[in-house]
Amino acid sequence: MTDTTTLSADPNQPLRLLPLGEQPAGDVSATGLSDDDLRSLYRLMALIRRADLEATALQRQGELAVYPPLIGQEAAQVGSAFALTEQDWIFPSYRELGAAVVRGVDLGEYLHFYRATWHGGTYDANAHRFGHVSVPVGSQVLHAVGYALGSKLDRLPVVTLVYFGDGATSEGDFHEGCNFAAVFGAPVVFFCQNNQWAISVPLAAQTVAPIWKKAEAYGFPGVQVDGNDVLAVYLATKEASDRAREHGAPTLIEAMTYRIGPHSTADDATKYRTEEEVERWRALDPLDRYRSWLSATDRADQGLFEAIDEEAKEFAAKLRRDVVASGPRPVEELFEWVFAGDLPPHLARQRDEALRFASEDGPNA
Ligand SMILES: Cc1ncc(C[n+]2csc(CCOP(=O)(O)OP(=O)(O)O)c2C)c(N)n1
Ligand SMILES: [Mg+2]
């Protein structure tokens, strides 16, 4: 089993591979990524940045009911999702549009959730191995651990990765999930995007001990990684998923990042944090850092960046077209897919009432 403490030269510093200030680049060859893979990571981050901004704009224009921006967290999501194999599963919270893109989820289908036209998105979770959007904070941790244990009992070489925030680590669900996974050897990667805030609650009001260190109490490895360094995130997740697959050992990854936007489009972050703090993190922008490194190491040139920008524009334009064209879902769907047989009589009655309402004066009229 890999000793994760060796990943970072200094255990008090997060694992980092991209250069930062005076700190030189780490051993990038440890990732095993080809130059094409390295360019793909940038392309994905660029598409996601653009799509995220478009979704925010769509909410402002009344096309989405609400949207939680992920700007600033692209490296944390792309680096981690990219490290998994196709058969591995991801259980997201509500801020993982980026991971959804890596998984090939159609964003028109994903954004049905935020258009308030369907619960969880209309994409096929099984086809993409990407669970539905989950808003109850921390709940998806339990779904992921249960799924991972099921895969293990079925003797499938499947790893399950679950995304959650710093705030979610205050929920019982997180602690119960960690303990259960450790005791039963569930092949899970607990991936915390520590974006420093849980709506208006800062990290310091959430926990005293660093999040990654909590793993020790459960008996499995924890690692803190620079969450704005896509290569470090990739390496930490690759090691964690290998360990889960080969040994059924969970890992807790704490990706140190920052929520540049508001909690959601319903939030005004200027009420509780300073512009200086936001600017400090803007200077660590995950796309800028990676782009500089790709250029400096001659892995990409201006022509490639321009082509990717063009592709990203079209990617966002398609998202816009799909969202604007998507209408309300058929009312009867609300009552489908839970019961294998007939609906119980009280739900059948409610369905009939809902259909009557929809046909008379509801939104589908
Ligand atoms: C069980 C539960 N309690 C409260 C909320 C309201 N709520 C939504 S997001 C959020 C903050 C979560 O913060 P964090 O886990 O750090 O994730 P982030 O939003 O920063 O990505 C809260 C309190 C909720 N959705 N579910
Ligand atoms: Mg948070």
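**Exercise 1. Pairing strands**

Find how strand β1 (residues 89-91) and β2 pair in this predicted model, and over how many bridges.

*Solution.* Start with the strands themselves: β1 and β2 run in the parallel sense and share three bridges. For one example, look at Ile-90, whose bridge partner in β2 is Leu-161. Now move to the other pairing of β2: with strand β3 (residues 188-194) it is again parallel, over six bridges. Here Tyr-163 has Phe-191 in β3 as its bridge partner. Finally, follow the chain from β2 through α7 to β3, and you trace a right-handed β-α-β crossover.

**Exercise 2. Covered or open?**

Work out how many residues of β2 are buried.

*Solution.* Go along the strand residue by residue. Five of the six residues of β2 are buried, and the strand is mostly covered.

**Exercise 3. The magnesium ion**

Name the protein donors of the magnesium ion (ligand 2), and explain which parts of the chain Asp-166 and Trp-197 tie together.

*Solution.* Begin at the ion and look for its protein donors: Asp-166 (OD), Asn-195 (OD1) and Trp-197 (O) lie 2.1 to 2.2 Å from it. Along the chain, their spacing reads D-x28-N-x1-W. Next, place two of them: Asp-166 sits in the loop between β2 (160-165) and α7 (172-184), while Trp-197 belongs to strand β4 (residues 197-198), so this pair ties together parts that are 31 residues apart in sequence. Last, check burial, for which the cut-off is under 20% relative accessible area. Asp-166 has 1% relative accessibility and therefore counts as buried. Trp-197, at 9%, also counts as buried.

**Exercise 4. Checking a helix**

Test whether the span of helix α1 (residues 35-60) agrees or disagrees with 1.5 Å a residue.

*Solution.* Helix α1 has 26 residues, so it should span 38 Å. Compare this with the end C-alpha atoms: they are 38 Å apart, which agrees. Just beyond, α1 is followed by Gly-62, with a positive phi near 85 degrees.

**Exercise 5. Positive phi without glycine**

Describe the phi angles of Ala-116 and Trp-337, then decide whether each residue is buried or exposed.

*Solution.* Take Ala-116: its phi is positive, near 65 degrees, though the residue is not a glycine. Ala-116 is in the loop between α4 (107-110) and α5 (125-128), and at 59% relative accessibility it counts as exposed. Trp-337, not a glycine either, has a positive phi of about 75 degrees. Its loop lies between α12 (302-325) and α13 (345-360). With 63% relative accessibility, Trp-337 counts as exposed.

Technical notes:
Residues are numbered from 1 along each chain as its sequence is written. Chains are lettered from A and ligands numbered from 1 in the order in which they are written. This is a predicted model: local features need pLDDT of at least 70, side-chain atom pairs count only at pLDDT 80 or more; totals for chains, interfaces and linings use all residues. Side-chain values use heavy atoms; hydrogens and water are left out. Donors are N, O and S atoms within 2.8 Å of the metal (3.2 Å for Na, K and Ca); water is not among the atoms, so sites may look incomplete. Helices (H or I, at least four residues) and strands (E, at least two) are DSSP runs, numbered from the N terminus. Buried means under 20% relative accessible area, exposed over 50%, partly exposed in between (1.4 Å probe, protein chains only). Two strands pair if DSSP finds at least two bridges between them. A crossover is right-handed if, with the strands pointing away from the viewer, the path from the first strand over the helix to the second runs clockwise. The expected span of a helix is 1.5 Å times one less than its number of residues.
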